[in-house]
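Grab a coffee and open the viewer. Here are some short exercises with worked solutions to help you find your way around this chain.

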Amino acid sequence: MGRDKKFSTHDLWQATHELIVETGYQGFTMSLLAAKLHVSRAAIYKHYPNKEELLIDFMVEKMRYSVTLLSEIDFTQSFEHQLRDLLERMFQLKDLHQILGMASTIEDVSPVITEKKQVLSAMHHELYAPLNQLITKGKEQGFIDPARNNFLLLGFIFQTIDIPNHAGLPLDTFIAEIQALILHGISNK
């Protein structure tokens with residue numbers, strides 16, 4: 001038998017991302033991943049003993065990337081520009097809820113998984129920090145009613161990436177509409 005083709009970490013995470021979104025946790029297998037990467041299952045098992053450890057590592061890496069991406073918002077801009085920047089960055093993370101929602105279905109088959117689930121939980125709080133900073137600035141500058149609950153606002157803003165674009169609007173227009181709804185609601189007053 002010939003040597004296995006090499007694959008990069010980037011290739012592994014890209015293929016894992018595509019498969020987990022397409023198949024979900026239950027449908028995800030090392031065989032499907034190996035086929036997508038054009039390698040043997042053994043080539044993947046050299047790096048990961050099971051799908052649970054591979055997926056939890058993928059989720060930690062996805063969360064690390066997401067925290068970094070949202071932390072890079074330029075807080076020196078006006079509130080409206082920060083909100084737009086945030087929404088554009090969030091739409092780059094469109095599959096994040098779906099992917100991280102599967103973390104609870106991963107069985108704790110090893111101490112590594114248990115530990116990495118705790119890391120994911122801690123990082124989840126880091127994900128909200130830039131949004132909370134944005135909401136605070138919006139309240140200070142009079143864009144957001146100070147009486148509004150920050151956690152409810154955070155959830156509302158985060159859920160906007162799950163709104164389906166049934167109208168087929170260009171992404172730029174879609175984000176502008178969401179920003180207008182966040183800033184002005186549905187009232188014409």
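**Exercise 1. Find out which residues Gln92 is in contact with, leaving aside neighbours within four places in sequence.**

Solution.
- Start by placing the residue: Gln92 sits in the loop that joins α5 (79-91) to α6 (96-101).
- Next, skip the sequence neighbours within four places; Gln92 then turns out to be in contact with Tyr65 and Leu69.
- Now try a distance: Phe174 is 82 residues away from Gln92 along the chain, and their C-alpha atoms are separated by 13 Å.
- Keep in mind throughout that you're looking at a predicted model.

**Exercise 2. Work out the overall make-up of the chain: how many helices and strands are there?**

Solution.
- Count the elements: you get nine helices and zero strands.
- Written out in sequence order, that reads α-α-α-α-α-α-α-α-α.
- For the dimensions, the C-alpha atoms fill a box of roughly 70 × 35 × 30 Å along the principal axes.
- On to burial: of the 189 residues in the chain, 41% are buried.
- The exposed surface comes to about 10800 Å², with carbon and sulfur atoms supplying 55% of it.
- Finally, take the contacts between residues at least 6 apart in sequence: 68% of them join residues at least 24 apart.

**Exercise 3. Decide whether His17 is buried or exposed, then list its contacts.**

Solution.
- Locate His17 first: it's in helix α1 (residues 9-27).
- Its relative accessible area is 16%, and buried means under 20%, so His17 counts as buried.
- Beyond its neighbours within four places in sequence, His17 is in contact with Phe58, Lys62, Asp95 and Ile99.

**Exercise 4. Look at the stretches that UniProt annotates. What share of each is helix?**

Solution.
- Begin with the longer label: an unreviewed UniProt entry lists residues 6-66 as "domain: HTH tetR-type".
- Residues 6-66 are 79% helix and 0% strand, and the C-alpha atoms at the two ends lie 27 Å apart.
- The unreviewed entry also carries the annotation "DNA-binding region", which covers residues 29-48.
- Residues 29-48 are 65% helix and 0% strand, with 12 Å between the end C-alpha atoms.

**Exercise 5. Compare Ala35 and His38: where does each one sit, and is it buried, partly exposed or exposed?**

Solution.
- Ala35 belongs to helix α2 (residues 30-37).
- With a relative accessible area of 48%, Ala35 is partly exposed, because that class runs from 20% to 50%.
- His38 is in the loop between α2 and α3 (41-45).
- Its relative accessible area is 60%, and the cut-off for exposed is over 50%, so His38 is exposed.
- Check the backbone too: the phi of His38 is near 60 degrees, a positive value in a residue other than glycine.
- One more distance to try: Ala35 and His125, 90 residues apart in sequence, are 36 Å apart from C-alpha to C-alpha.

**Exercise 6. Place Ile135 and find its contacts, leaving aside neighbours within four places in sequence.**

Solution.
- Ile135 is part of helix α7 (residues 111-140).
- At a relative accessible area of 1%, Ile135 is buried.
- With the neighbours within four places set aside, Ile135 is in contact with Ile144, Asn150, Leu153, Leu154 and Ile157.
- Tyr65 is 70 residues from Ile135 along the chain, and 22 Å separates their C-alpha atoms.

**Exercise 7. Describe the largest pocket: what volume does it have, and which residues lie nearest its centre?**

Solution.
- The volume of the largest pocket is about 300 Å³.
- Its lining has 13 residues, and those nearest the centre are Ile144, Arg148, Leu153, Phe156 and Ile182.
- Two elements give two or more residues to that lining: α8 (150-159) and α9 (171-184).
- Of these, α8 gives the most, with four residues.
- Sort the lining by chemistry and you get 10 nonpolar residues, one polar and two charged.
- Link this back to Exercise 6: Ile144 and Leu153, among the residues nearest the pocket centre, are also contacts of Ile135.

**Exercise 8. Take Ser71: which helix holds it, and how far is it from Arg148?**

Solution.
- Ser71 is in helix α4 (residues 51-71).
- Its relative accessible area is 41%, which makes Ser71 partly exposed.
- Arg148 is 77 residues from Ser71 in sequence, and the C-alpha to C-alpha distance is 23 Å.

Definitions and conventions: Residues numbered from 1 in each chain as written. Predicted model: local features only at pLDDT ≥ 70, side-chain atom pairs only at ≥ 80, totals over all residues. Heavy atoms only, no water. 1 Å grid on protein atoms, 1.4 Å probe; cavity = no way out; pocket = protein on both sides within 12 Å on 5 of 7 lines; lining within 4 Å. Points joined across faces, edges and corners; volume = space filled by probe spheres on them. Nonpolar A, V, L, I, M, F, W, Y, C, P; charged D, E, K, R; others polar. Buried < 20%, exposed > 50% of the residue type's maximum accessible area, 1.4 Å probe, protein only. Contact = heavy atoms within 4.5 Å. Areas by Shrake-Rupley, 256 points an atom, 1.4 Å probe, with all protein chains shown as cover. UniProt positions renumbered as here; feature names shortened; annotations may be inferred.
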